[in-house]
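Please open the structure in a viewer and keep the selection panel at hand. The stops below state what to select and what is to be found there.

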Amino acid sequence: MEQVERLGIEIKDYGSVIYGLQIYRVDGESDVSLDKLARIIFDIIEDTSRLMSSILSLYQRRILNIIYPGYKEEGFERRKYTVVISEKVKIEGKELSSEKMLDLLLKEPYVNEIKQIVGPIISYAKKDGLCLIDGSYGLLILGKVKNTELLSLYASIKSLEIFLEDLLVYLWMVWEKLGDTRKIVLKGDIKELKKMRVQLVTILSDFTLLKSIMGTITYSLDRIDSESKSISDDELDSLDFSTVFHAVKNRCRTIGDLFESIEREIDGLLMVINTHIEEALDRLNTLTFWLSIIFGSFGLGQLAVAIAPWFMGPIESTIVSSIATLLPIILGVFLHFGGGKAR
């Protein structure tokens, strides 16, 4: 089966990317069933992810890899917000009036197919001859739409909401990981502590990138807010744009606070880990110091035992050998404890 796609792409200067297409025929028919529509949407999401991946910068790819590991693989595509517009609805070949559309589509068996397109249904409404079914990751509009500019803004703010939700999930995963790190730190295993230190430093490096995008998101929100003011309140109220917009701004503040909390927690853990590693190094240095003293004393004593009989009697050579063995140890004790007090 041949599938031909011609996508229109609009990339806003503040970061919003909007894809647009019109379905002409599916399997030779101009009418599209709900179940086929859900499959088409999934396919388009997958195709647009591959398309955008080819033009993303290294900076953008790294950010996506942090929040969406494996986003290039099939089945791991990042979530997107989908707006579907259908001017007509037919059931069993009969076109429905706008008054009956919602009553039928929100009931079995059609509602399950609708959920595959828009996700869990958040709200629905009838206004100005339009029927709107809004879901967690899509919007289905039934009827003729006059103002597509509003839909672009609404889709942009909903896409930001989805991205922030996924970012928040990542941050909570990091917080859980820090809880496991605390348990390892309490055990004090040096090998594990070194591994944890590398992981924490990597997370801090990722945080530097992620915090930088919060400024871009704030700028995007300001631009979207500015553009929305040129649209009449009646049109915005039909989609509850204002509520979603303020929810996204609040989510940004929550994420900013969580960034600060996690960074402080990581700094504290790194301080404790470094302290444990320094103490372990001090113990190792002390052990090395005493081993060198002991083996040095033993070697010096053996040298004295071998040489002393050439120049003196048995008693004198025994005394010299003992002094040669004990002297380095006495000096080591003096240097170790005397030096420690001086420090």
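**First stop: a pair within helix 5**

Select Lys158 and Glu161, which both lie in helix 5, 3 residues apart, about one turn of the helix. The model on display is a predicted one. Show the two side chains as sticks: Lys158 and Glu161 meet in a salt bridge, with 3.2 Å from N to O.

Is Lys158 buried or exposed? Lys158 is buried, because its relative accessible area of 4% falls under the 20% cut-off. Glu161 is buried as well, with a relative accessible area of 19%.

Keep Lys158 selected and display its surroundings. Apart from neighbours within four places in sequence, Lys158 is in contact with Tyr81, Ile122, Asp134, Gly135 and Val244.

**Second stop: from helix 5 to a loop**

Remain on helix 5, which covers residues 148–187, and select Glu165 together with Arg79. The side chains of these two residues, Glu165 and Arg79, form a salt bridge at 3.1 Å, N to O. Where do the partners Glu165 and Arg79 lie? Glu165 belongs to helix 5, whereas Arg79 is in the loop between helix 2 (58–67) and strand 3 (82–86), so the pair ties together parts that are 86 residues apart in sequence.

Colouring by accessibility may be useful here. Glu165 is partly exposed, at a relative accessible area of 28%, and Arg79 is also partly exposed, at 35%.

**Third stop: strand 3**

Next, select Thr82, which is found in strand 3. Thr82 is buried, with a relative accessible area of 15%. Which residues does Thr82 touch? Not counting residues up to four places away in sequence, Thr82 touches Ile41, Ile45, Tyr137, Gly138 and Leu139.

**Fourth stop: helix 1 and its salt bridge**

Select residues 34–53, which make up helix 1. Within helix 1, pick out Asp35 and Arg39, 4 residues apart, about one turn of the helix. Their side chains meet in a salt bridge: for Asp35 and Arg39 the N to O value is 3.5 Å.

The two partners fall into separate accessibility classes. Asp35 is partly exposed, with a relative accessible area of 32%. Arg39, by contrast, counts as exposed, because its relative accessibility of 54% is over the 50% cut-off.

**Fifth stop: helix 1 against helix 4**

Keep helix 1 in view and add helix 4, residues 110–118. The axes of helix 1 and helix 4 come within 9 Å and cross at roughly 15°. That angle makes helix 1 roughly parallel to helix 4. The crossing of helix 1 and helix 4 is left-handed.

Now select the residues that make the contact. On helix 1 they are Leu34, Asp35, Leu37, Ala38 and Ile41, and on helix 4 they are Tyr110, Glu113, Ile114, Gln116 and Ile117. By class, the contact of helix 1 with helix 4 has 7 nonpolar, 1 polar and 2 charged residues. Two residues from earlier stops reappear here: Asp35, a salt-bridge partner of Arg39, and Ile41, one of the residues touched by Thr82.

**Sixth stop: helix 2 across helix 6**

Hide the previous selection and show helix 2 with helix 6, the latter being residues 190–228. How do the axes of helix 2 and helix 6 cross? The axes of helix 2 and helix 6 come within 10 Å and cross at roughly 110°. This makes helix 2 roughly perpendicular to helix 6, and the crossing of helix 2 and helix 6 is left-handed.

Select the contact residues on both sides. Tyr59, Arg62, Ile63, Ile66 and Ile67 in helix 2 meet Ser205, Asp206, Leu209, Leu210, Ser212 and Ile213 in helix 6. Sorted by class, the contact of helix 2 with helix 6 has 7 nonpolar, 2 polar and 2 charged residues.

**Last stop: the whole protein**

Finally, return to the full view. The protein has 9 helices and 8 strands, and the structure holds 14 salt bridges. Of its 343 residues, 34% count as buried. Among contacts with a separation of 6 or more, residues 24 or more positions apart account for 66%.

Technical notes: Residues are numbered from 1 along each chain as its sequence is written. This is a predicted model: local features need pLDDT of at least 70, side-chain atom pairs count only at pLDDT 80 or more; totals for chains, interfaces and linings use all residues. Side-chain values use heavy atoms; hydrogens and water are left out. A salt bridge is a side-chain nitrogen of Lys or Arg within 4 Å of a carboxyl oxygen of Asp or Glu. Helices (H or I, at least four residues) and strands (E, at least two) are DSSP runs, numbered from the N terminus. Buried means under 20% relative accessible area, exposed over 50%, partly exposed in between (1.4 Å probe, protein chains only). Axes are lines fitted to C-alpha atoms, for helices over the stretch in contact, and angles run from 0 to 180 degrees between N-to-C directions. Angles under 35 degrees count as roughly parallel, over 145 as roughly antiparallel, 65 to 115 as roughly perpendicular and the rest as oblique. A crossing is left-handed if the near helix is turned anticlockwise from the far one by less than a right angle, and right-handed if clockwise. Contact means heavy atoms within 4.5 Å. Ala, Val, Leu, Ile, Met, Phe, Trp, Tyr, Cys and Pro count as nonpolar, Asp, Glu, Lys and Arg as charged, and the others, Gly among them, as polar.
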